[in-house]
Amino acid sequence: MKLVIGLGNPGRQYENTRHNVGFKVIDKLSEELAIPLDRQKFNGIYGIGHISGEKVILLKPLTYMNLSGECIRPLMDFYDISTEEIVVIYDDLDLPTGKIRLRSKGSAGGHNGIKSMILHLGTQEFNRIRVGIDRPINGMKITDYVLGTFTQEDMEGINEAINYSAKACEDWIQKNFVQVMNEYN
């Protein structure tokens, strides 16, 4: 069983913010794989499907970014999913807008959603896809920046990154993560 997690914040006011790029990838996968997000439990919304004989869960935690682990851990326990069988997609300030980077482990790098996951999973060793949103300029506060929307000029790169991230997740369903990482990095 594979679990694909997109991090973000619930609510219309956050829908198109930089911080919700993980949710956007899950929405794309839901559409591409025909897995409706029709279940609500564990403080999250998710869907279950079968792809090439593999059971796949798509998850959007509804706990708000900083408490993401509070949703993820109980769902993993309920479905008996190991950390090797998850991938989490989230925004990253340290990558240029629209670039993606796959990693199989690492620190939170200041990302509160990942800090929450590390706290609740008890490890830094889980697969991740970081989607670049770049850093703010002109002294803008980080919180204002990540909760802001993309500029029109950034949208093309972000849409490509969302599509590319979704494709990497689809490939991971049938291949090991290291192989997918080598293909996409």
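In strand β7, Ile100 finds its bridge partner in Val131. The strand itself spans residues 127–132, where strands (E, at least two residues) and helices (H or I, at least four residues) are DSSP runs numbered from the N terminus. The structure is a predicted model, in which local features need pLDDT of at least 70 and side-chain atom pairs count only at pLDDT 80 or more, while totals for chains, interfaces and linings use all residues. Residues are numbered from 1 along each chain as its sequence is written, and side-chain values use heavy atoms, with hydrogens and water left out.

Strand β7 has two partners to meet, pairing being assigned if DSSP finds at least two bridges between two strands. Strand β6 (residues 100–103) is joined to β7 by four bridges, and these two strands run antiparallel. Strand β5 (residues 86–92) is linked to β7 by six bridges, and here the strands run parallel. Within β7, Asn127 stands opposite Val87.

A look at burial adds to this picture. Six of the six residues of β7 are buried, a term that means under 20% relative accessible area, with exposed meaning over 50% and partly exposed in between (1.4 Å probe, protein chains only). In a regular strand the side chains alternate between the two faces of the sheet. Asn127, Ile129 and Val131 point one way from β7, whereas Arg128, Arg130 and Gly132 point the other way, and all are buried.

Charged pairs come next. Nine salt bridges are found in a search of the whole structure, each defined as a side-chain nitrogen of Lys or Arg within 4 Å of a carboxyl oxygen of Asp or Glu. One of them returns to β7: Arg130 forms a salt bridge with Asp92, with 2.5 Å between the closest N and O atoms. Arg130 lies in strand β7 and Asp92 in strand β5, so this pair ties together parts that are 38 residues apart in sequence. Both Arg130 and Asp92 are buried.

Another salt bridge joins Lys60 to Asp27, whose closest N and O atoms are 2.7 Å apart. This pair also links distant parts of the chain, with Lys60 in strand β4 (residues 54–61) and Asp27 in helix α1 (residues 21–33), 33 residues apart. Lys60 is buried, at a relative accessible area of 13%, while Asp27 is partly exposed at 32%.

Arg12 and Glu15 form a further salt bridge, in which the closest N and O atoms are 3.7 Å apart. Arg12 is exposed, with a relative accessible area of 73%, and Glu15 is partly exposed, with a value of 35%.
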